[in-house]
Amino acid sequence: MRHEVTTIDAIEAVPADLWNAMVGDDQPFLRHEFLHALEATGAVTPEKGWSPRHLLVWWKSKLVAAMPRYAKMHSYGEYVFDWAWADAWERAGGDYYPKGLTAIPFTPVPGPRVILARQAERQEVLRALAEQCCNEEQSSWHLLFAEDSEVDAWLQVCPQLVERHAVQFQWQDQHFGDFDGFLSAMTSKRRKEIRRERRRIAEQGLVMHRLTGDAIDDKALAHFYRCYQITYMERGQHPYLPRAFFQRLRDRMPESLLLVQARLADQPVASALCLQGDQTLYGRYWGSEVEADFLHFETCYYQGIEHCLAHGLVRFDPGTQGEHKLVRGFVPRRLRSLHHIADPGFHHAVARFCREERDYIEAYHRQALTRLPFRQAENQQER
């Protein structure tokens, strides 16, 4: 008897309790509430170029696995950039879009991309999903920011998938105890520089506050969204996510939210909104109404590290890119994505590109490890 795979065009077609029973406690972005908020508030819709095509896997009429998936009409909001691939294929006379995508929209966070019931056989589930994803009439299918064990399992089932590497920077607790313990593990130069940055925050009259759960009231949320809009307007863009999306998160999963505020004369002037699981803090959205020295580093990095140390979280993923994270104690971590390219010739070209790119990524990763600010950088192990 084979697993049956069905497709749904809205996450609400699955009861939230059934979906969430398969989601781990450290994955707020995979929760039904998060994915539904994206769809229900219009951030992820066919009109925006995101058509939900989520896959459900059944065994003897029981739901045993699920995978978020979308038909995409563009490559915005993904953070694994394939614009050059699209351009090359369309110059050759093909249609790159719509393509298949398995990812969390607008959220480059590593983690599982297939959620499983306890009784599910992962390899059999992946075989069923691969048969569906790799045999549809589309140019390609992309599985982004999957955790390493899942990437390895996919490659066992589908060795023809093209692997692509990237690097992000993440903080990891090394039994620091508190923020002073974290700093004490650093070189004297970096320790003094971070302390100077944090003193400068106070010298400018800024006071930091961390709000969680129900303490994030409507006023705080409205201010955060104003700051979030500013970040996009400074680049001449509109925000991906509407205010209603954040309101829905606050109302439906408040325990997963951390809002960091910077206040001046007791009025908020900058905000950063994070999500948290039982082990990891995820920094995602930020903005400021003022310019102040080191305000971004304090709001988006140091406050998050302090929160992790105070609440027993072992990792802090502050978001993509940014070598400035490296010298502030965020360790480079390799990330992996997988790509199915339908045309054999195009597959060969993309595979060659990814092999060459991987050599560069590996060299960059090795170099980044040598620039960590810790006194014994060799003891900073990736997890």
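## Exercises on a predicted model

An open sheet of four strands, joined by antiparallel pairing, follows the order 1-3-4-7. Keep in mind as you work that the model is predicted.

### Exercise 1: the four-stranded sheet

Find which strands stand at the edges, and why one side of each is left without a neighbour.

*Solution.*
- Step 1. Read the order of the open sheet from end to end: 1-3-4-7.
- Step 2. Strand 1 (4–8) and strand 7 (115–116) stand at the edges, and each has a single partner strand, so one side of each has no neighbour in the sheet.
- Step 3. Now look at what packs on this sheet. Helix 4 (residues 122–133) touches strand 1, strand 3, strand 4 (62–67) and strand 7. The direction of helix 4 makes about 135 degrees with that of strand 3.
- Step 4. Turn to the pairing of strand 1 with strand 3 (residues 54–59): the two run antiparallel and are joined by five bridges. Within this pair, valine 5 has valine 57 of strand 3 as its bridge partner.

### Exercise 2: the eleven-stranded sheet

Work out which are the edge strands of the sheet with the order 2-5-6-8-15-9-14-13-12-11-10.

*Solution.*
- Step 1. This open sheet has eleven strands, and its pairing is mixed.
- Step 2. Strand 2 (50–52) and strand 10 (206–212) are the edge strands, each pairing on one side only.
- Step 3. On average, neighbouring strands of this sheet are turned by 30 degrees against each other, direction ignored.
- Step 4. Helix 11 (residues 344–369) packs on the sheet, where it touches strand 9 and strand 15. The direction of helix 11 makes about 25 degrees with that of strand 9.
- Step 5. Follow strand 9 (residues 162–172) to strand 14 (residues 315–317): they pair in the antiparallel sense over two bridges. Tryptophan 171 stands opposite phenylalanine 316 in strand 14.

### Exercise 3: strand 8 and its partners

Describe how strand 8 pairs with strand 6 and with strand 15, and say how many of its residues are buried.

*Solution.*
- Step 1. With strand 6 (residues 99–102), strand 8 pairs in the parallel sense, over three bridges. Here leucine 101 stands opposite histidine 142 in strand 8.
- Step 2. With strand 15 (residues 331–341), the pairing of strand 8 is antiparallel and has five bridges. Serine 140 stands opposite isoleucine 341 in strand 15.
- Step 3. Seven of the seven residues of strand 8 (residues 140–146) are buried.

### Exercise 4: two polar side chains

Decide whether asparagine 20 and glutamine 276 are buried or exposed, then find a polar partner for each.

*Solution.*
- Step 1. Locate the residues. Asparagine 20 lies in helix 1 (residues 16–20), and glutamine 276 lies in strand 12 (residues 267–276).
- Step 2. Apply the cut-off: buried means under 20% relative accessible area. Asparagine 20 has 14%, so it is buried. Glutamine 276 has 16%, so it is buried too.
- Step 3. Look for the partners. A polar atom of the asparagine 20 side chain lies 2.8 Å from the backbone nitrogen of histidine 32. The side chains of glutamine 276 and histidine 307 are joined by a polar contact of 2.9 Å.
- Step 4. Look at the surroundings. Not counting residues up to four places away in sequence, asparagine 20 touches Arg31, His32 and Glu33. With neighbours within four places left aside, the contacts of glutamine 276 include Pro28, Glu255, Tyr282 and Leu313.

### Exercise 5: helix 2

Count how many of the nine residues of helix 2 are buried, and name them.

*Solution.*
- Step 1. Helix 2 (residues 32–40) is mostly covered, with eight of its nine residues buried.
- Step 2. The buried ones are His32, Glu33, Phe34, Leu35, His36, Ala37, Leu38 and Glu39.
- Step 3. Continue just past helix 2, where glycine 42 takes a positive phi of about 85 degrees.

### Exercise 6: the whole chain

Test whether the radius of gyration of the protein chain agrees with that of a compact globule.

*Solution.*
- Step 1. A compact globule of 383 residues would have a radius of gyration near 21 Å.
- Step 2. The protein chain has 21 Å, so the two agree.
- Step 3. Add the extent: the C-alpha trace spans about 65 × 45 × 45 Å along its principal axes.
- Step 4. Add the cover: buried residues make up 57% of the 383 residues. The accessible surface comes to about 17,300 Å², and 47% of that belongs to carbon and sulfur atoms.
- Step 5. Add the make-up: the protein chain holds eleven helices and 15 strands. Among contacts between residues at least 6 apart in sequence, 75% join residues at least 24 apart.

Conventions. Residues are numbered from 1 along each chain as its sequence is written. This is a predicted model: local features need pLDDT of at least 70, side-chain atom pairs count only at pLDDT 80 or more; totals for chains, interfaces and linings use all residues. Side-chain values use heavy atoms; hydrogens and water are left out. Two strands pair if DSSP finds at least two bridges between them. Contact means heavy atoms within 4.5 Å. Axes are lines fitted to C-alpha atoms, for helices over the stretch in contact, and angles run from 0 to 180 degrees between N-to-C directions. Buried means under 20% relative accessible area, exposed over 50%, partly exposed in between (1.4 Å probe, protein chains only). A polar contact is a pair of N or O atoms within 3.5 Å; within protein, one must be able to donate a hydrogen and the other to accept it, and residues adjacent in sequence count only if both atoms are side-chain atoms. The radius of gyration is taken over C-alpha atoms; the globule rule is 2.2 Å times the number of residues to the power 0.38. Accessible areas come from the Shrake-Rupley method with a 1.4 Å probe; for residues, only the protein chains shown count as cover.
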